[in-house]
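Let's read a structure together, one feature at a time. Have a look at it first.

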Amino acid sequence: MEDIVALCKRRGFVYPTSDIYGGLTSSYDYGPAGAELLRNIRNLWWNYFVKRRTDMVGLDSQILLHPNTWVASGHVSAFNDPLVEDKKTHKRYRADHLIEAWIKQHPDKTVVVEDLTIDQMGEFISANGIQSPEGNELTKPQKFNLLFETKLGVVEGEKSTLYMRGETAQGIFTNFKNIIDSNRVTLPFGVGQIGKSFRNEITTGQFIFRTIELEQAEIEYFFDPETTDWKTLMDEWKQAMWDFVTKELGISAEHLRWRQHTDKERSHYSKDTYDLDYEFPFGWKELWGIAYRTNYDLTQHANLSKADLSYTDPKTGKKFIPHVIEPAAGINRMFFMILAEAYRKEEKRTVLAVKPALAPTNVAVFPLVANKPELMDKAKQVFSLLSKQFSVAWDARGNIGKRYLSQDEVGTPWCITVDYTTLEDTTVTVRDRDTTTQVRVSIDELSVYFQKKLGII
Ligand code: ATP
(Lines give C-alpha, C1' and ligand atoms only; values in the text may rest on other atoms or scores of the structure.)
Protein backbone atom coordinates (compact mmCIF):
# COMPACT_ATOMS: atom_id res chain seq x y z
CA MET A 1 0.00 0.00 0.00
CA GLU A 2 2.77 2.42 0.99
CA ASP A 3 4.71 1.58 -2.17
CA ILE A 4 1.68 2.25 -4.34
CA VAL A 5 0.90 5.54 -2.61
CA ALA A 6 4.54 6.61 -3.03
CA LEU A 7 4.58 5.62 -6.72
CA CYS A 8 1.34 7.53 -7.28
CA LYS A 9 2.88 10.74 -6.01
CA ARG A 10 6.31 10.22 -7.58
CA ARG A 11 4.97 9.49 -11.04
CA GLY A 12 2.02 11.87 -11.16
CA PHE A 13 -0.91 9.50 -10.69
CA VAL A 14 -2.41 10.85 -7.47
CA TYR A 15 -1.62 13.84 -5.24
CA PRO A 16 -3.24 14.74 -1.93
CA THR A 17 -5.75 17.54 -2.60
CA SER A 18 -4.61 21.01 -1.51
CA ASP A 19 -1.23 19.55 -0.60
CA ILE A 20 0.35 22.96 -0.02
CA TYR A 21 -2.27 23.70 2.66
CA GLY A 22 -1.72 20.40 4.43
CA GLY A 23 -4.31 18.45 2.43
CA LEU A 24 -8.07 18.03 2.72
CA THR A 25 -9.58 15.01 4.43
CA SER A 26 -10.12 11.98 2.16
CA SER A 27 -9.55 14.02 -0.99
CA TYR A 28 -7.12 13.38 -3.83
CA ASP A 29 -6.28 14.99 -7.15
CA TYR A 30 -5.26 13.00 -10.21
CA GLY A 31 -2.00 14.08 -11.86
CA PRO A 32 -1.05 13.83 -15.55
CA ALA A 33 -0.68 10.01 -15.56
CA GLY A 34 -3.69 9.56 -13.27
CA ALA A 35 -5.94 11.75 -15.41
CA GLU A 36 -5.15 9.58 -18.45
CA LEU A 37 -5.73 6.32 -16.57
CA LEU A 38 -9.05 7.60 -15.20
CA ARG A 39 -10.13 8.66 -18.69
CA ASN A 40 -9.20 5.23 -20.09
CA ILE A 41 -11.24 3.44 -17.42
CA ARG A 42 -14.23 5.71 -18.05
CA ASN A 43 -14.01 5.24 -21.82
CA LEU A 44 -13.67 1.48 -21.56
CA TRP A 45 -16.68 1.30 -19.25
CA TRP A 46 -18.74 3.59 -21.48
CA ASN A 47 -17.84 1.68 -24.65
CA TYR A 48 -18.46 -1.69 -23.07
CA PHE A 49 -21.75 -0.97 -21.34
CA VAL A 50 -23.30 1.89 -23.32
CA LYS A 51 -21.92 2.16 -26.85
CA ARG A 52 -21.52 -1.52 -27.70
CA ARG A 53 -25.01 -2.54 -26.59
CA THR A 54 -28.30 -2.04 -28.43
CA ASP A 55 -30.28 -1.97 -25.18
CA MET A 56 -28.42 0.88 -23.46
CA VAL A 57 -28.42 4.69 -23.68
CA GLY A 58 -26.29 7.25 -21.86
CA LEU A 59 -27.12 10.24 -19.66
CA ASP A 60 -25.31 13.16 -18.03
CA SER A 61 -27.47 14.62 -15.27
CA GLN A 62 -26.56 17.31 -12.72
CA ILE A 63 -24.79 17.03 -9.38
CA LEU A 64 -27.38 19.36 -7.83
CA LEU A 65 -30.92 18.08 -8.26
CA HIS A 66 -34.23 19.26 -6.84
CA PRO A 67 -34.02 18.57 -3.07
CA ASN A 68 -37.22 16.50 -3.16
CA THR A 69 -35.26 13.94 -5.18
CA TRP A 70 -33.40 12.96 -2.02
CA VAL A 71 -36.52 13.03 0.12
CA ALA A 72 -38.27 10.66 -2.30
CA SER A 73 -35.27 8.36 -2.65
CA GLY A 74 -34.99 7.99 1.12
CA HIS A 75 -31.48 9.42 1.31
CA VAL A 76 -32.47 12.32 3.57
CA SER A 77 -33.82 9.91 6.17
CA ALA A 78 -31.87 6.70 5.59
CA PHE A 79 -28.43 7.43 4.04
CA ASN A 80 -26.62 7.11 7.34
CA ASP A 81 -23.44 5.69 8.80
CA PRO A 82 -23.05 4.77 12.51
CA LEU A 83 -20.73 7.38 13.98
CA VAL A 84 -18.79 7.20 17.25
CA GLU A 85 -16.49 9.85 18.64
CA ASP A 86 -13.32 9.50 20.69
CA LYS A 87 -14.32 11.28 23.93
CA LYS A 88 -10.88 12.86 24.34
CA THR A 89 -9.63 13.68 20.82
CA HIS A 90 -13.13 14.13 19.31
CA LYS A 91 -11.96 12.19 16.26
CA ARG A 92 -14.82 10.43 14.54
CA TYR A 93 -14.98 6.81 13.47
CA ARG A 94 -17.44 4.40 11.95
CA ALA A 95 -18.67 2.09 14.70
CA ASP A 96 -18.97 -0.88 12.32
CA HIS A 97 -15.38 -0.43 11.14
CA LEU A 98 -14.04 -0.35 14.73
CA ILE A 99 -16.02 -3.49 15.57
CA GLU A 100 -14.70 -5.24 12.43
CA ALA A 101 -11.10 -4.32 13.35
CA TRP A 102 -11.66 -5.56 16.92
CA ILE A 103 -13.12 -8.90 15.69
CA LYS A 104 -10.06 -9.46 13.50
CA GLN A 105 -7.98 -9.38 16.67
CA HIS A 106 -10.47 -11.52 18.63
CA PRO A 107 -11.39 -14.31 16.19
CA ASP A 108 -13.17 -16.27 18.94
CA LYS A 109 -15.90 -13.60 19.00
CA THR A 110 -18.10 -14.04 15.95
CA VAL A 111 -20.70 -11.50 14.98
CA VAL A 112 -22.12 -10.41 11.63
CA VAL A 113 -21.37 -6.71 11.87
CA GLU A 114 -23.58 -5.91 8.86
CA ASP A 115 -26.59 -7.28 10.79
CA LEU A 116 -26.17 -5.15 13.92
CA THR A 117 -28.56 -2.26 14.53
CA ILE A 118 -27.06 0.98 15.76
CA ASP A 119 -28.11 0.18 19.36
CA GLN A 120 -26.62 -3.32 19.13
CA MET A 121 -23.34 -1.80 17.92
CA GLY A 122 -23.34 0.46 21.00
CA GLU A 123 -23.99 -2.55 23.27
CA PHE A 124 -21.23 -4.58 21.56
CA ILE A 125 -18.74 -1.75 21.96
CA SER A 126 -19.43 -1.25 25.65
CA ALA A 127 -19.73 -5.00 26.45
CA ASN A 128 -16.30 -5.63 24.93
CA GLY A 129 -14.66 -2.41 26.06
CA ILE A 130 -13.76 -1.42 22.49
CA GLN A 131 -11.80 1.81 22.45
CA SER A 132 -10.80 4.33 19.80
CA PRO A 133 -7.53 3.68 17.89
CA GLU A 134 -5.96 6.22 20.31
CA GLY A 135 -7.05 4.06 23.26
CA ASN A 136 -9.81 6.32 24.55
CA GLU A 137 -13.45 5.77 25.44
CA LEU A 138 -16.02 6.14 22.66
CA THR A 139 -19.39 7.87 22.58
CA LYS A 140 -22.57 5.88 21.80
CA PRO A 141 -23.05 5.37 18.04
CA GLN A 142 -25.25 7.96 16.34
CA LYS A 143 -26.71 8.09 12.87
CA PHE A 144 -24.67 10.38 10.63
CA ASN A 145 -26.16 11.46 7.30
CA LEU A 146 -23.75 11.18 4.38
CA LEU A 147 -25.37 13.77 2.14
CA PHE A 148 -23.46 17.03 1.74
CA GLU A 149 -25.70 20.05 2.06
CA THR A 150 -25.21 23.29 0.18
CA LYS A 151 -27.25 26.49 -0.20
CA LEU A 152 -28.86 27.91 -3.31
CA GLY A 153 -29.52 31.64 -3.68
CA VAL A 154 -27.57 34.80 -3.17
CA VAL A 155 -29.83 36.59 -0.72
CA GLU A 156 -29.16 35.53 2.85
CA GLY A 157 -32.33 34.24 4.47
CA GLU A 158 -33.82 33.26 1.13
CA LYS A 159 -31.42 30.45 0.60
CA SER A 160 -32.74 26.95 0.19
CA THR A 161 -30.95 23.72 1.03
CA LEU A 162 -29.72 21.55 -1.78
CA TYR A 163 -27.82 18.28 -1.58
CA MET A 164 -24.77 17.33 -3.61
CA ARG A 165 -25.82 14.02 -5.11
CA GLY A 166 -24.90 10.98 -3.04
CA GLU A 167 -25.27 8.71 -6.06
CA THR A 168 -25.68 9.37 -9.78
CA ALA A 169 -28.62 6.94 -9.99
CA GLN A 170 -31.30 9.44 -8.93
CA GLY A 171 -30.69 11.61 -12.01
CA ILE A 172 -31.56 8.55 -14.10
CA PHE A 173 -34.84 7.98 -12.26
CA THR A 174 -35.89 11.63 -12.43
CA ASN A 175 -35.23 11.60 -16.20
CA PHE A 176 -37.02 8.32 -16.83
CA LYS A 177 -40.03 9.99 -18.47
CA ASN A 178 -37.82 12.26 -20.61
CA ILE A 179 -35.84 9.28 -21.80
CA ILE A 180 -38.79 7.12 -22.80
CA ASP A 181 -40.53 10.10 -24.44
CA SER A 182 -37.48 11.14 -26.51
CA ASN A 183 -35.94 7.79 -27.47
CA ARG A 184 -37.20 4.74 -29.28
CA VAL A 185 -36.45 2.49 -26.31
CA THR A 186 -38.51 -0.54 -25.30
CA LEU A 187 -38.17 -2.65 -22.18
CA PRO A 188 -35.84 -4.10 -21.16
CA PHE A 189 -33.36 -1.26 -21.60
CA GLY A 190 -30.80 0.49 -19.45
CA VAL A 191 -29.42 3.96 -18.85
CA GLY A 192 -25.74 4.41 -18.02
CA GLN A 193 -24.14 7.42 -16.41
CA ILE A 194 -20.68 8.39 -15.19
CA GLY A 195 -20.24 11.30 -12.84
CA LYS A 196 -19.18 12.76 -9.52
CA SER A 197 -21.00 11.94 -6.30
CA PHE A 198 -20.33 13.26 -2.82
CA ARG A 199 -20.46 11.51 0.54
CA ASN A 200 -19.61 12.94 3.91
CA GLU A 201 -17.53 9.88 4.80
CA ILE A 202 -16.30 9.56 8.37
CA THR A 203 -13.57 7.00 7.65
CA THR A 204 -10.25 8.43 6.61
CA GLY A 205 -6.88 7.01 5.66
CA GLN A 206 -7.87 4.57 2.95
CA PHE A 207 -6.22 6.53 0.14
CA ILE A 208 -8.53 6.78 -2.89
CA PHE A 209 -10.65 3.80 -1.76
CA ARG A 210 -12.99 5.99 0.25
CA THR A 211 -13.14 9.68 -0.56
CA ILE A 212 -15.69 12.41 0.02
CA GLU A 213 -15.79 13.27 -3.69
CA LEU A 214 -15.99 10.16 -5.89
CA GLU A 215 -16.76 9.18 -9.42
CA GLN A 216 -19.45 6.61 -10.07
CA ALA A 217 -20.41 4.62 -13.13
CA GLU A 218 -23.98 3.49 -12.66
CA ILE A 219 -26.56 1.65 -14.72
CA GLU A 220 -30.28 1.43 -14.15
CA TYR A 221 -31.61 -1.46 -16.21
CA PHE A 222 -35.40 -1.22 -16.50
CA PHE A 223 -37.58 -4.29 -17.06
CA ASP A 224 -41.04 -5.77 -16.67
CA PRO A 225 -40.92 -8.30 -13.78
CA GLU A 226 -43.83 -10.24 -15.30
CA THR A 227 -41.96 -11.04 -18.49
CA THR A 228 -38.31 -10.92 -17.34
CA ASP A 229 -37.09 -13.06 -14.47
CA TRP A 230 -35.08 -10.76 -12.19
CA LYS A 231 -32.81 -13.54 -10.96
CA THR A 232 -31.77 -14.47 -14.51
CA LEU A 233 -31.26 -10.80 -15.34
CA MET A 234 -29.16 -10.28 -12.23
CA ASP A 235 -27.01 -13.28 -13.19
CA GLU A 236 -26.49 -11.84 -16.68
CA TRP A 237 -25.40 -8.50 -15.26
CA LYS A 238 -23.13 -10.17 -12.71
CA GLN A 239 -21.48 -12.02 -15.58
CA ALA A 240 -21.07 -8.79 -17.58
CA MET A 241 -19.44 -7.09 -14.57
CA TRP A 242 -17.12 -10.05 -14.01
CA ASP A 243 -16.13 -10.16 -17.70
CA PHE A 244 -15.44 -6.43 -17.75
CA VAL A 245 -13.16 -6.60 -14.72
CA THR A 246 -11.29 -9.74 -15.78
CA LYS A 247 -11.07 -9.24 -19.54
CA GLU A 248 -11.15 -5.46 -20.10
CA LEU A 249 -9.35 -4.39 -16.92
CA GLY A 250 -7.08 -7.46 -16.79
CA ILE A 251 -7.76 -8.39 -13.16
CA SER A 252 -7.01 -11.94 -12.03
CA ALA A 253 -10.10 -13.94 -10.95
CA GLU A 254 -8.18 -15.02 -7.82
CA HIS A 255 -8.45 -11.48 -6.49
CA LEU A 256 -12.20 -11.24 -7.02
CA ARG A 257 -15.20 -12.68 -5.19
CA TRP A 258 -18.95 -12.19 -4.92
CA ARG A 259 -20.54 -11.44 -1.58
CA GLN A 260 -24.29 -11.42 -1.08
CA HIS A 261 -25.66 -8.84 1.36
CA THR A 262 -27.46 -10.25 4.36
CA ASP A 263 -31.17 -9.43 4.81
CA LYS A 264 -30.45 -6.88 7.53
CA GLU A 265 -27.53 -5.27 5.72
CA ARG A 266 -29.35 -4.53 2.47
CA SER A 267 -30.29 -0.93 1.66
CA HIS A 268 -33.87 0.14 2.24
CA TYR A 269 -34.68 -0.01 -1.48
CA SER A 270 -33.18 -3.38 -2.36
CA LYS A 271 -34.60 -6.91 -2.61
CA ASP A 272 -31.23 -8.57 -3.31
CA THR A 273 -27.69 -7.15 -3.41
CA TYR A 274 -24.27 -8.53 -4.24
CA ASP A 275 -20.88 -6.89 -3.95
CA LEU A 276 -18.08 -7.72 -6.32
CA ASP A 277 -15.13 -7.53 -3.92
CA TYR A 278 -11.48 -7.08 -4.82
CA GLU A 279 -8.61 -8.07 -2.57
CA PHE A 280 -7.19 -4.59 -1.95
CA PRO A 281 -3.86 -4.19 -0.08
CA PHE A 282 -5.91 -3.81 3.14
CA GLY A 283 -8.24 -6.77 2.52
CA TRP A 284 -11.36 -7.77 0.58
CA LYS A 285 -13.49 -4.70 -0.12
CA GLU A 286 -16.35 -3.70 -2.37
CA LEU A 287 -15.46 -2.61 -5.88
CA TRP A 288 -18.85 -2.81 -7.53
CA GLY A 289 -22.35 -3.39 -6.19
CA ILE A 290 -25.38 -4.82 -7.94
CA ALA A 291 -28.85 -4.41 -6.46
CA TYR A 292 -32.39 -5.32 -7.44
CA ARG A 293 -34.05 -2.01 -6.54
CA THR A 294 -37.53 -3.19 -7.62
CA ASN A 295 -39.69 -0.20 -8.68
CA TYR A 296 -39.03 1.53 -5.37
CA ASP A 297 -37.37 4.66 -6.74
CA LEU A 298 -39.70 5.34 -9.68
CA THR A 299 -42.73 4.76 -7.42
CA GLN A 300 -41.37 7.12 -4.77
CA HIS A 301 -40.64 9.84 -7.36
CA ALA A 302 -44.05 9.36 -9.00
CA ASN A 303 -45.76 9.74 -5.61
CA LEU A 304 -43.88 12.85 -4.54
CA SER A 305 -43.72 14.65 -7.89
CA LYS A 306 -47.19 13.52 -9.09
CA ALA A 307 -45.58 12.85 -12.51
CA ASP A 308 -46.67 9.78 -14.42
CA LEU A 309 -43.57 7.57 -14.41
CA SER A 310 -45.23 4.51 -15.86
CA TYR A 311 -44.33 2.72 -19.06
CA THR A 312 -46.87 1.49 -21.59
CA ASP A 313 -46.01 -1.71 -23.38
CA PRO A 314 -46.33 -0.90 -27.12
CA LYS A 315 -47.55 -4.42 -27.93
CA THR A 316 -49.99 -5.21 -25.13
CA GLY A 317 -50.88 -1.71 -23.94
CA LYS A 318 -50.09 -2.77 -20.35
CA LYS A 319 -49.23 0.26 -18.18
CA PHE A 320 -46.92 -0.21 -15.20
CA ILE A 321 -43.90 1.14 -13.33
CA PRO A 322 -40.81 -0.81 -14.44
CA HIS A 323 -38.41 -2.51 -12.04
CA VAL A 324 -34.62 -2.05 -12.11
CA ILE A 325 -31.39 -3.92 -11.63
CA GLU A 326 -28.58 -1.52 -10.72
CA PRO A 327 -24.88 -2.27 -11.25
CA ALA A 328 -23.06 0.62 -9.49
CA ALA A 329 -19.28 0.94 -9.68
CA GLY A 330 -16.71 3.41 -8.41
CA ILE A 331 -14.22 4.57 -11.05
CA ASN A 332 -11.69 5.56 -8.37
CA ARG A 333 -11.82 2.10 -6.80
CA MET A 334 -11.23 0.57 -10.24
CA PHE A 335 -8.24 2.88 -10.58
CA PHE A 336 -6.85 1.74 -7.21
CA MET A 337 -7.48 -1.92 -8.08
CA ILE A 338 -5.70 -1.59 -11.42
CA LEU A 339 -2.63 -0.08 -9.74
CA ALA A 340 -2.61 -2.69 -6.97
CA GLU A 341 -2.93 -5.50 -9.50
CA ALA A 342 -0.28 -4.15 -11.88
CA TYR A 343 2.39 -3.09 -9.38
CA ARG A 344 5.56 -5.22 -9.56
CA LYS A 345 8.79 -4.60 -7.75
CA GLU A 346 11.64 -6.34 -9.57
CA GLU A 347 15.31 -6.43 -8.66
CA LYS A 348 16.30 -3.50 -10.84
CA ARG A 349 13.06 -1.76 -11.61
CA THR A 350 9.46 -1.10 -10.63
CA VAL A 351 6.93 -1.98 -13.31
CA LEU A 352 3.28 -1.13 -13.64
CA ALA A 353 2.12 -4.03 -15.79
CA VAL A 354 -1.28 -2.57 -16.70
CA LYS A 355 -3.14 -3.74 -19.78
CA PRO A 356 -1.72 -1.76 -22.73
CA ALA A 357 -5.13 -0.29 -23.59
CA LEU A 358 -5.41 1.15 -20.06
CA ALA A 359 -1.89 2.56 -19.78
CA PRO A 360 -1.71 6.35 -19.41
CA THR A 361 0.56 6.34 -22.47
CA ASN A 362 0.56 3.64 -25.12
CA VAL A 363 3.95 4.51 -26.57
CA ALA A 364 6.89 6.72 -25.57
CA VAL A 365 9.15 8.19 -28.25
CA PHE A 366 12.81 9.02 -27.56
CA PRO A 367 15.51 10.52 -29.73
CA LEU A 368 18.71 8.61 -28.82
CA VAL A 369 20.38 11.90 -27.88
CA ALA A 370 18.87 15.37 -27.61
CA ASN A 371 21.75 17.31 -29.12
CA LYS A 372 21.58 15.92 -32.66
CA PRO A 373 19.02 17.89 -34.72
CA GLU A 374 18.57 15.10 -37.31
CA LEU A 375 17.60 12.62 -34.56
CA MET A 376 15.34 15.18 -32.85
CA ASP A 377 13.56 15.97 -36.15
CA LYS A 378 13.04 12.33 -37.03
CA ALA A 379 11.81 11.47 -33.51
CA LYS A 380 9.37 14.43 -33.61
CA GLN A 381 8.03 13.12 -36.93
CA VAL A 382 7.44 9.71 -35.34
CA PHE A 383 5.75 11.42 -32.38
CA SER A 384 3.35 13.40 -34.62
CA LEU A 385 2.60 10.38 -36.75
CA LEU A 386 1.65 8.19 -33.81
CA SER A 387 -0.02 10.80 -31.61
CA LYS A 388 -2.87 11.06 -34.14
CA GLN A 389 -3.86 7.52 -33.20
CA PHE A 390 -2.35 6.67 -29.84
CA SER A 391 -1.55 8.28 -26.54
CA VAL A 392 2.17 9.10 -26.96
CA ALA A 393 4.76 10.47 -24.53
CA TRP A 394 7.93 12.32 -25.44
CA ASP A 395 11.17 12.13 -23.47
CA ALA A 396 14.55 13.49 -24.51
CA ARG A 397 16.02 13.87 -21.00
CA GLY A 398 18.95 11.88 -19.60
CA ASN A 399 20.07 8.50 -20.87
CA ILE A 400 17.87 5.87 -22.50
CA GLY A 401 18.13 3.48 -19.54
CA LYS A 402 16.65 6.06 -17.18
CA ARG A 403 13.90 6.88 -19.66
CA TYR A 404 12.95 3.20 -19.85
CA LEU A 405 12.80 2.91 -16.06
CA SER A 406 10.60 5.95 -15.77
CA GLN A 407 8.20 4.69 -18.48
CA ASP A 408 8.07 1.26 -16.77
CA GLU A 409 6.86 2.96 -13.60
CA VAL A 410 3.94 4.64 -15.37
CA GLY A 411 3.10 1.45 -17.24
CA THR A 412 3.99 2.51 -20.81
CA PRO A 413 3.93 -0.78 -22.75
CA TRP A 414 6.29 0.25 -25.57
CA CYS A 415 9.17 2.68 -25.98
CA ILE A 416 10.51 3.73 -29.37
CA THR A 417 14.07 4.94 -29.81
CA VAL A 418 15.07 6.87 -32.91
CA ASP A 419 18.80 6.26 -33.42
CA TYR A 420 21.47 6.59 -36.11
CA THR A 421 20.27 3.45 -37.90
CA THR A 422 16.86 5.14 -38.25
CA LEU A 423 18.47 7.82 -40.38
CA GLU A 424 19.83 5.13 -42.71
CA ASP A 425 16.98 2.62 -43.02
CA THR A 426 13.94 4.34 -41.36
CA THR A 427 13.52 1.62 -38.74
CA VAL A 428 13.24 2.32 -35.00
CA THR A 429 13.78 0.21 -31.89
CA VAL A 430 10.60 -0.84 -30.09
CA ARG A 431 11.23 -1.99 -26.54
CA ASP A 432 8.61 -4.05 -24.70
CA ARG A 433 7.83 -3.14 -21.06
CA ASP A 434 7.16 -6.66 -19.81
CA THR A 435 9.94 -8.61 -21.52
CA THR A 436 12.38 -5.68 -22.01
CA THR A 437 13.19 -7.22 -25.43
CA GLN A 438 13.78 -4.92 -28.39
CA VAL A 439 12.81 -5.33 -32.04
CA ARG A 440 13.34 -3.08 -35.05
CA VAL A 441 10.20 -1.94 -36.85
CA SER A 442 9.94 0.26 -39.92
CA ILE A 443 8.33 3.67 -39.24
CA ASP A 444 5.72 2.95 -41.95
CA GLU A 445 4.62 -0.17 -40.12
CA LEU A 446 4.42 1.30 -36.60
CA SER A 447 0.74 2.19 -36.75
CA VAL A 448 -0.38 -1.31 -37.78
CA TYR A 449 2.15 -2.86 -35.37
CA PHE A 450 0.63 -1.05 -32.35
CA GLN A 451 -2.97 -1.46 -33.51
CA LYS A 452 -2.38 -5.21 -33.61
CA LYS A 453 -0.71 -5.18 -30.20
CA LEU A 454 -3.64 -3.23 -28.74
CA GLY A 455 -6.14 -5.60 -30.31
CA ILE A 456 -7.78 -2.84 -32.36
CA ILE A 457 -7.22 -4.80 -35.59
P1 ATP B 1 -19.12 1.09 0.94
O2 ATP B 1 -19.90 -0.06 1.54
O3 ATP B 1 -17.70 0.75 0.59
O4 ATP B 1 -19.27 2.38 1.68
P5 ATP B 1 -21.40 1.53 -0.69
O6 ATP B 1 -22.07 0.21 -0.57
O7 ATP B 1 -21.90 2.67 0.12
O8 ATP B 1 -19.82 1.37 -0.47
P9 ATP B 1 -22.64 2.09 -3.18
O10 ATP B 1 -23.60 3.03 -2.62
O11 ATP B 1 -23.09 0.74 -3.61
O12 ATP B 1 -21.38 1.94 -2.21
O13 ATP B 1 -21.91 2.83 -4.39
C14 ATP B 1 -21.51 2.18 -5.58
C15 ATP B 1 -20.01 2.19 -5.75
O16 ATP B 1 -19.47 3.51 -5.57
C17 ATP B 1 -19.25 1.33 -4.77
O18 ATP B 1 -19.21 -0.01 -5.19
C19 ATP B 1 -17.88 1.96 -4.78
O20 ATP B 1 -17.08 1.44 -5.84
C21 ATP B 1 -18.16 3.42 -5.05
N22 ATP B 1 -18.07 4.21 -3.80
C23 ATP B 1 -18.99 4.33 -2.85
N24 ATP B 1 -18.58 5.17 -1.87
C25 ATP B 1 -17.35 5.58 -2.23
C26 ATP B 1 -16.38 6.47 -1.66
N27 ATP B 1 -16.64 7.12 -0.53
N28 ATP B 1 -15.22 6.66 -2.31
C29 ATP B 1 -14.95 6.03 -3.47
N30 ATP B 1 -15.82 5.19 -4.06
C31 ATP B 1 -17.00 4.96 -3.47
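Q: What follows helix 9, and what is the sign of its phi?

A: Gly 250 follows helix 9, and its phi is positive, near 70 degrees. Helices (H or I, at least four residues) and strands (E, at least two) are DSSP runs, numbered from the N terminus. This is a predicted model: local features need pLDDT of at least 70, side-chain atom pairs need 80 or more, and totals for chains, interfaces and linings use all residues. Residues are numbered from 1 along each chain as its sequence is written, and side-chain values use heavy atoms, leaving out hydrogens and water.

Q: What should the 19 residues of helix 9 span?

A: The expected span is 1.5 Å times one less than the number of residues. For helix 9 (residues 230-248) that gives 27 Å, and the end C-alpha atoms are 26 Å apart, which agrees.

Q: Which residues surround the ligand most closely?

A: A residue counts as near if one of its heavy atoms lies within 4 Å. Here 15 residues surround the ligand, the closest being Arg 199, Glu 201, Arg 210, Glu 286 and Leu 287. Strand 13 gives the most to this shell, with 4 residues.

Q: Where are the ligand's oxygen contacts?

A: Look for polar contacts, here pairs of N or O atoms within 3.5 Å. A ligand oxygen is 2.8 Å from a polar backbone atom of Leu 287, and one is 3.0 Å from a side-chain N or O atom of Arg 333. The protein covers 83% of the 590 Å² of accessible area the ligand has on its own (Shrake-Rupley method, 1.4 Å probe).

Notes. A polar contact is a pair of N or O atoms within 3.5 Å; within protein, one must be able to donate a hydrogen and the other to accept it, and residues adjacent in sequence count only if both atoms are side-chain atoms.
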